[in-house]
Structure formats: C-alpha cells, structure tokens
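Subject: Structure for you to look at

Dear colleague,

I am passing on the structure we spoke about, with the sequence alongside. Please open it first, and then read the notes below with it in view.

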Amino acid sequence: MSTNGKPKIAFFDFTSCEGCQLTVLDSLQTHPELLQVVEIVQFREAMSEKGEDYLVAFIEGSCTRQSDEARLQKIREQAALVVALGTCAHLGGVNTLKALHPLEDVRRYVYGDLASHYETYDARPIDAVIKVDFAIPGCPIDRDEFVACVKALLLGKKPPIPDYPVCVECKLKENTCLYKLGMTCLGPISRAGCKAICPSYGQSCEACRGYITNPNDSSMRNVLAEHGLTMEDIESMYTMFTTYQVQQKLMQK
Amino acid sequence: MDKRIDVHHVTRVEGHGNIVVEVSNGLLKECRFDVVETPRFFEAMLRGRSYQEASHITSRICGICATGHATASLRASENALGVELSRQTQLLRKLTFHGEILDSHVLHVYMLVAPDFLGVGSVIPLASSNPEVVLRALHMKKLAGDLCAVVTGRHTHPIAMTVGGFSHFPTADELKALRQRLVDCRIDVDATVDLGATLPWPNFERDTEYISLHKPDEYAFIDGEIMSSDGPTLPAERYKEVTNEFLVPHSSAKHTRHRRESYMVGALARFNNNFEQLHPRAKQAAEKLGIKPKVTNTYLNSAAQVVEIVHCVEDAIQIIDQLLEVGIHHEEPSPVTLKECNGVGVCEVPRGMLIHHYWIGADGKLTGANCIIPTNQNIANLESDMKALVPTIMHKEHKEMQLDLEMLVRAYDPCISCSVHVLKLESK
C-alpha cells in the first residue's frame, strides 16, 4: 500500500486502441481532483515513471497472443484488484472479429509470406487468462461511470454497474424507440450504463457493454427476424463486439 | 566508444515501440525503431462486413484518431459507391474533424511533449507545480471533446456519422454555445502560442520529403490531392505511386518511401506544403513561433501543431457561422445504389495523411480493404532522423542520449496501434 493514504494504481494496455485510457485522461477535465486521491505509479501512455508496487491494476485491451499471458499473470500477482477497462479487456471486443475467419487465412491476408513472424492467436477477454475482480464496460468506457467506479473502489464498495437493459435509459431520456423509426436495436438485452448513447444519436445498440444477466436471447432474435433481418444480419449485429461470447455461447456476461 | 540504448515501450506515445541504438568504436551499428505492437488485422476483419459498419469498425483502430479513421472510411465507401454529400454534411464533418485535431494536438503538446521540456516525467507533477498550465490543457481538451460530442455523440468512436450523412443533428443553440466557447478559448490558444514560443526546441536539421493532402483554397484535412514537397501532386486514387509500402523484419508496421529513402507526414508536412491556406491568425502564430516553410527540424512538428490549433479554432468558428446562416436541417443520408466497386478516402488526421481503400461487393459487403496509416509513413523517416541524430549526441551521458532519442520519437506524435494496420494488396 502507500504511506500517504493514497492507493497506488497502474494502467496497462494490451491489444487495444487506447481509447479507454484516453477517456480516463478526459475524466480529469471534470474531475481533476482524482489526482489527489490516488497515486498513479504506472501509465505508459501518459507518464515516464514506472512503479511496480501497485494495488489496483486497470487493464485495457484483449489478449491476442500467447506471450501476453505471462504479462497478464505478472500483473495479477502484483495487484490486489484487477479491473478490466473497456470492452476489449472485458469481452474481447472488436478484436474478436478475427475469429470469424480461419486464423491462418487472416495471417496470410495481412502479412503474406511473413505471416509466421507476427505472433497472434484468437483474441480473448483478459478473464480467459487471469481472474478479474471487476469490469468497467463500454467501447469506450463512459467517463462518468469510470469516476463513479473509482469512487466506489476507494470506499471499498463494488462499482455500480447496472444490470438492466439499455431500453430503460432510452425511456428515461424519452427517446423515440428505434424500432418505431424502422430500425432495429439490441437494447432489450444489452447492459445499460452508457445513457443509451448510440440510440440517442440515431444508431442501433450493438451491446458493446455486453449482455444483461440471463438475456432473453431467443426472443431478441425473433424480434430482429420479424423486423426483416436475415440470419446473416442478426449474426452481424451480435458479432460486432461479442464474437467471443457468441462463439463460446456465454450470454450471461 | 561503445554505447547501447534500449528503450522498451517508449512512454508518452500512443502504442508500443522500442528504440534500439548501438554504437561500437564510435560507429553506428544498430539504429532502429521497432514496432512491437500486437498485429491488429483490421483489413482482414473488414471482409464480409457491411459497408455501413466499416466506419464504426475502423474507428476502433485508434482512440485518438477515431474520428479521422471513421471519416476516411466513410469517404472510401462514398467514393466507391458514388455517393454525393450535401453542403451541410460536409460542414458538419469538417467541424467534428477540427474537434479531433484540437483534442489530439493539445494532448500531444501539453501532456506528451511539454513534460520533457519542463523536466518532469508526465503532466501529473505539473498539476501541482504549474496548475494553470494543466487546467488550461484540460479546458481546451474539454471544448474539443464537447465539439465532437455535439456533432457525433463523442470523439472516440463517433456515432452519428454514417455513409452519405448523419443520423443526428445539433441544434442551433448547441452550435451557438460552442461558438461562444471557441471565441473565449482564444485566450487559451494565445497562451499556447506563447508557451510554444518559449520552449527550447532542440536544434536538428535534416531535409526530407514532406507529403500531405492539398487543396487550392483551403487547408486540407478531408479529401484533396496528394502533394509532395519534391513533387508531383497526384490524385488520391494514385496513392500507391507515392506510398510504396514494404515490410521490414523488426517491425509489425510497414514502412514507405517515395522520392528519397523516407518521407514525413503530419503537421509539419502540412505546414510546409499548405502554409498559404492557413487562417491569418494561424500565420501570425507561426511568426511568433519563428517558423515558416520550409521547416526541416523534426522537433518543430509540435510547433506546427500549435499553429494548427490556432487554425482549427478559427476555422471551427467560421464553419459554425456558415451552418447557422442557413440553419440546421434534418436530412436523410444521401441514397446509395449498391454495385461492385472500389474507392479511396483520404484525410489528414492529427499525425498525417491517412488513406482507406475499400472494395465493396454487389451485396454491400466489403471484399477487401487497404489502410495506409500516417505513422507507417513516418517510421522510415524516424529511423533516418535517428541515424542523423546519434552521431551528434553519442558523446553525451547515457541518460541524456536516451532522452534525446525519446524526444525525437515523441516529436513525431506517433500513433503506433494504428500503424500495425498493414495492408492487403488486392481484394479479389
């Protein structure tokens, strides 16, 4: 722990766009006081100092190669709490689209004859490799939710992540339901907490935050089919962020 | 003299790269920038996905230039399908694009580069020692982020931009409020120019080729022709004649070259090629910073970014005025007729020229994709710079020499996770 009462935290990135860490930096715009209550000992993108005595590790990115597993395990050994930051770490995210094609084909397509030089395997969430204590979902994370989660962790409480569908937030915002506008949406089975941002800006929810516990998946598919989506279209919607969950049949996340 | 510099995962850059420099008996033996980022495989993943999803998938290539990737993606699909854009759509796209340039440049100058000049490892200690500087940076970033949020929902992974138009529109009140904040921001912008004018930019000169987009009557960020400081200027569709990508064994990102062994893209290249198109206030800022084309000091890329911060704030105000003059209208996106086609989209994202080339099948699904990333284009130039720099610094203490090399890497504002977007050659 620390000598000044401030818990030591660190940020790590694996295969990701680093958008979640950037959102963490952006949260300082409205909450600069965050820097007073924690001590950041490692955050490669933003600072040069590198401390290894962290209590809480925030990890962004999915695990996409064998050699990253050792790095994840080292972090798990050091940290008392491991928090998955964003969809890539939480669910695998966009990186898992790769699994819709044979791996060898993907490698050759991009690197041709040098394919074997570039190490890769099927992208997976970090909890496929190490035990994860909490996840902050979203692609990217929502900065207000991030602040609320940090506050909760500092108070020794579980981060407040909702387990009800995005529809609830759309209704609270009095959005016109996308289905009424001739579109479709995974809102009924997707986890809220994002303030229904995509439907609010006219785009379907595609479950970047994952699914609620025990989602009514079969009814959702029926509704989508009734609204004109083919099997292929439905698979596309489900696989945008959660190819891993679909392939592993893990709809409880 | 023998020296070895090994920096594993350079800090304060986006993505993962290593510096490897070895000097033996006073001669340079090794001098590389290894891109060790995990391969991302986006081009392969785009195959079989609908053209309507492409911008949402490719924005996830990068958190800082998400809007840039989405824009290049949309332009590629639109050029492939022959989709025309309304004036309103073009203005809204430019507006949110400026938001991203501002956000990225402020991040780079204040949080990634300035700490080196102020002798600290990050912006965090500056929060205690120079709070007004840090608060100014956060304030400017917030405005930039809010600008994007009003137009597309958010800057990292924009939502409302779609092929042919938008799925959501800002209100006149929202734009007016932003306009006022942009005007008020001029104080912060001027303070940024003053800061830039006092920073002790290292002396380093190496003439190279500078490549950027170009338009005759505006400082080009979206669309344009490809211009080289060595000539010629080519239509965007002929990008391959300029980029000539090749693989190197020590990097998961490809390198490029045109007329010389390497070329540079980014703010400095844009500044050198398109100075005339800058807003007058931006030209004044350049004067204050003591830079005018042709600048051949890589470190001054960050100074060119400061000039662009001035330009983007002023241009954003003008764009809002143009939008408010006619009022915002809810428009359906331009109609699309599917057919087998391919098209190229080009943008100048914060770090330089970005190209997306898509092949789309008659069913609207992508059959192939090519992405050429600014940082790919800079890596060869970075290595050439390193080779020129090392002989002049090899007499220094190890720590100082390492810092000089890290600062050189940071000067490029590299976006390494983007750069492992290696491309595919043909779709069929």
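In this predicted model, the two domains of chain A touch each other through 17 residues on the side of domain 1 and 13 residues on the side of domain 2. On domain 1 of chain A, the side that touches domain 2 is made up of 8 nonpolar, 6 polar and 3 charged residues. The domain assignment places domain 1 of chain A at residues 8–154 and domain 2 at 166–247, and the C-alpha centres of these two domains are 25 Å apart.

As for chain A as a whole, it contains 10 helices and 5 strands, and its C-alpha atoms fill a box of roughly 60 × 55 × 30 Å along the principal axes. The radius of gyration of chain A is 19 Å, which agrees with the value near 18 Å that a compact globule of 253 residues would have.

In chain B, I looked at one pair of helices. Two packed helices are described by the angle between their axes and the distance between those axes. Helix α4 of chain B (residues 87–117) and helix α12 of chain B (residues 301–326) have axes that come within 9 Å of each other and cross at roughly 150 degrees; because angles over 145 degrees count as roughly antiparallel, α4(B) is roughly antiparallel to α12(B). The crossing of α4(B) and α12(B) is left-handed, and the residues of their contact comprise 15 nonpolar, 6 polar and 3 charged.

With best regards

Methods. Residues are numbered from 1 along each chain as its sequence is written. Chains are lettered from A and ligands numbered from 1 in the order in which they are written. This is a predicted model: local features need pLDDT of at least 70, side-chain atom pairs count only at pLDDT 80 or more; totals for chains, interfaces and linings use all residues. Domain bounds come from an automatic or database domain assignment. Two residues are in contact if their C-beta atoms, placed from the backbone, lie within 7 Å. Ala, Val, Leu, Ile, Met, Phe, Trp, Tyr, Cys and Pro count as nonpolar, Asp, Glu, Lys and Arg as charged, and the others, Gly among them, as polar. Axes are lines fitted to C-alpha atoms, for helices over the stretch in contact, and angles run from 0 to 180 degrees between N-to-C directions. Helices (H or I, at least four residues) and strands (E, at least two) are DSSP runs, numbered from the N terminus. Angles under 35 degrees count as roughly parallel, over 145 as roughly antiparallel, 65 to 115 as roughly perpendicular and the rest as oblique. A crossing is left-handed if the near helix is turned anticlockwise from the far one by less than a right angle, and right-handed if clockwise. The radius of gyration is taken over C-alpha atoms; the globule rule is 2.2 Å times the number of residues to the power 0.38.
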